[in-house]
Number of protein chains: 2
Amino acid sequence: MATTRLRDVAERAGVSVRTVSNVVNGYARVAEETRRRVEEAVAELGYHPNLLARNLKRGRTGLIALVVPELDVPYFAELARSVVGEARQRGYTVVIDQTDGEPDRERELIMHGASAALFDGVILSPLALSQADLAHRDAAGPLVLLGERIAASPYDHVAIDNVSAAAAATEHLLALGRTRVAAIGDQPYDTGETAQLRTRGYRMAHEARGLSVDPSLTVATPRFHRQEGAAAMARLLDHPDGPPDAVFCYNDLLALGAIRTLLTRGVRVPEDIAVVGFDDIEAGRYNTPTLTTISPDKAMIARLAVERLALRLDGPPAGEPAELWASYTLEVRESSGG
Amino acid sequence: MATTRLRDVAERAGVSVRTVSNVVNGYARVAEETRRRVEEAVAELGYHPNLLARNLKRGRTGLIALVVPELDVPYFAELARSVVGEARQRGYTVVIDQTDGEPDRERELIMHGASAALFDGVILSPLALSQADLAHRDAAGPLVLLGERIAASPYDHVAIDNVSAAAAATEHLLALGRTRVAAIGDQPYDTGETAQLRTRGYRMAHEARGLSVDPSLTVATPRFHRQEGAAAMARLLDHPDGPPDAVFCYNDLLALGAIRTLLTRGVRVPEDIAVVGFDDIEAGRYNTPTLTTISPDKAMIARLAVERLALRLDGPPAGEPAELWASYTLEVRESSGG
């Protein structure tokens, strides 16, 4: 079987071999249109960079670690699919580890020790690691962080603007005329920076309309699973001032759990209580009612993260750590009467 | 911070250091009760075998690869969580790769090349590899197969009895008095051995009651996602002889997609059409209606697979390849009127 080579790809895409190499290796500054032409040619011809040879020459394993808290949270599984696809196009194999958010696990995997040395680079969605932990990292390979745990970190990171996304979700509910909008998913700062940002957006949307926030309508949850959403919704239904008329949940699993509680208790969604989630996982699109949600551009998050890692691995010196922002949209569906 | 050692675990469990070592290393023939005592002590004391030292001595990486077709199919994500947990107790780090069922990816990862050498062993849930492929594997480490693609393979494998499980799901629907039970998820033999076994069980349940099967009520689907289930259900609703009164779907995602189609079209579940799935993923337990399903014992599958791998890696010569069977139950919920 003939193997596809760099020059076959160049010929098909109508560009130089050097340009193909730049694209495949993730070097910066290839025009978007050119990059797309090359990637199409790569896909059509089934080109795979000769990993083994390339890696042996460079003392590399060709492996990237993607470290996420929980794979059975579908957001991470869907993100993982995108990262695996992006990395494959660049000739990297992604292996995935879930840490359950245990700091020891996260440290062990990405910072020190035997396993860290096996990976050329790491993409980490941290749950438990602190800035201080990251400052003591002694593994050599580059690290790209997903999410916001970042302020003064020496690493590249990719995130969406959680504050404005949460504000958009809340404003959608307020614009429907709902007057008691609850929030499910708040967490204390030390373990839940993402949750904190979403609470800030929830409050901002109220303030922008001159409305005050009733703190008793914000329910904290230890995790972001269906079970916690179902329990939090049950508490809100028994609120001494009566139930809310809308609820913004900090992820789709919480929202799906909340909807189950509502339907079981005979509450109509969205007529009595409108529900909005966050993540746009497949389960929300097939639920009855379908789930209104914030949809982060997972493909863009994956592309930015892998591109950045490739740049650090293979490119010229890449300068200061970058903050890269992915986009999001509000997808209005049946659960808010869209 | 003092490190927990083997002898601390032995003391807590009231057994010898050698017994603890046998359990931690997965050697065979430790009484179930003893194993549980040791595992409890391991968990209580937070004991982690000194991976690095142990691996350096043995020329090992301490890494196990779990290779699955698709992580965004929740069954695999939930199974992955169990495998990671089981392996961690034995001091192994699991990295996960998804192949999208591409034969090239499966081959590359587990059979040959640079990446295969990084893993001490592999647990593979194959979608595309054939017996012939496996026969040509030249990587050194042990391999445990999940699922049924097995007949004459030289590897250990762990599975549930898909034929009897599918028969139980179908018999449940027939016992409710349903007379036109459809099946969604059949696949041709070369890519869908699991599907073939479930079709056999579906037919067996009919035969056991002296009923004939209407082949036009069996709908094949290329994959096992919600989208395919929704589309297949739409076709069945438009069946020339009228819709079925029950449907057995070969996984929960197909069933959840089918239910979405039914509710959108104003069909009542289970009153008009009862639905049963397969896998017992979390999404089915929070769906409205909740989903009746076959629940394979995922924890048992994970434990059997990791134990077997550990036995091959660390134990005395383990003899012939084993067929290990995990149990399953039928969980009756709202979608079949339970």
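**Exercise 1. Pairing in chain B**

In strand 9 of chain B, which residue is the bridge partner of Ala246(B)? Place the pair within its sheet.

*Solution.* The model examined here is a predicted one.

Step 1. The bridge partner of Ala246(B) is Ala274(B), in strand 9 of chain B.

Step 2. Strand 8 (residues 246-249) and strand 9 (residues 274-278) of chain B run parallel and are joined by 3 bridges.

Step 3. Both strands appear in an open sheet of chain B, in which 6 strands follow the order 7-6-8-9-10-12 with mixed pairing. The edges are strand 7 (218-220) and strand 12 (328-331) of chain B, each of which pairs on one side only. On average, neighbouring strands of this sheet are turned by 15° against each other, direction ignored.

Step 4. Helix 10 (residues 193-208) of chain B packs on the sheet and touches strand 6 (181-186), strand 7, strand 8 and strand 9 of chain B. The direction of helix 10 of chain B makes about 165° with that of strand 6 of chain B.

**Exercise 2. The surroundings of strand 9 in chain A**

Describe how strand 9 of chain A is covered, and identify the strands paired with it.

*Solution.*

Step 1. Strand 9 of chain A spans residues 274-278, and 5 of its 5 residues are buried.

Step 2. In a regular strand, side chains alternate between the two faces of the sheet. Here Ala274(A), Val276(A) and Phe278(A) point one way, while Val275(A) and Gly277(A) point the other way. Residues on both sides are buried.

Step 3. Strand 8 (residues 246-249) of chain A pairs with strand 9 of chain A in the parallel sense over 3 bridges. Within this pairing, Ala246(A) stands opposite Ala274(A). The chain passes from strand 8 through helix 12 (residues 252-264) to strand 9 of chain A in a right-handed β-α-β crossover.

Step 4. Strand 10 (residues 292-296) of chain A also runs parallel to strand 9 of chain A, with 3 bridges joining them. Val276(A) stands opposite Thr292(A) in strand 10 of chain A.

Step 5. For the wider setting, chain A contains 14 helices and 12 strands, and 58% of its 338 residues are buried.

**Exercise 3. Salt bridges between and within chains**

Determine which acidic residues of chain B meet Arg81(A), and contrast these pairs with one inside chain A.

*Solution.*

Step 1. Side chains of opposite charge can pair when their charged atoms come close. The count over all chains is 38 salt bridges.

Step 2. Arg81(A) meets Glu70(B) in a salt bridge at 3.1 Å, N to O. This pair crosses between chains, from helix 5 (residues 74-89) of chain A to the loop between strand 1 (63-68) and helix 5 (74-89) of chain B.

Step 3. Asp72(B) also forms a salt bridge with Arg81(A), at 2.6 Å, N to O. Asp72(B) lies in the loop between strand 1 and helix 5 of chain B.

Step 4. Glu70(B) has 12% relative accessibility and therefore counts as buried, the limit being under 20%. Arg81(A), at 24%, is partly exposed, and Asp72(B), at 22%, is partly exposed.

Step 5. Within chain A, Glu171(A) forms a salt bridge with Arg209(A), with the closest N and O atoms 2.8 Å apart. The pair links distant parts of the chain, 38 residues apart: Glu171(A) is in helix 9 (residues 162-175), and Arg209(A) is in the loop between helix 10 (193-208) and strand 7 (218-220) of chain A. Glu171(A) is partly exposed at 29%, and Arg209(A) is partly exposed at 42%.

Conventions. Residues numbered from 1 in each chain as written. Chains lettered and ligands numbered in written order. Predicted model: local features only at pLDDT ≥ 70, side-chain atom pairs only at ≥ 80, totals over all residues. Heavy atoms only, no water. Buried < 20%, exposed > 50% of the residue type's maximum accessible area, 1.4 Å probe, protein only. Helix = DSSP H or I, 4+ residues; strand = E, 2+ residues; numbered from the N terminus. Pairing = 2+ DSSP bridges. Right-handed = clockwise from strand over helix to strand, strands pointing away. Axes fitted to C-alpha atoms, helices over the stretch in contact; angles between N-to-C directions. Contact = heavy atoms within 4.5 Å. Salt bridge = Lys/Arg side-chain N within 4 Å of Asp/Glu carboxyl O.
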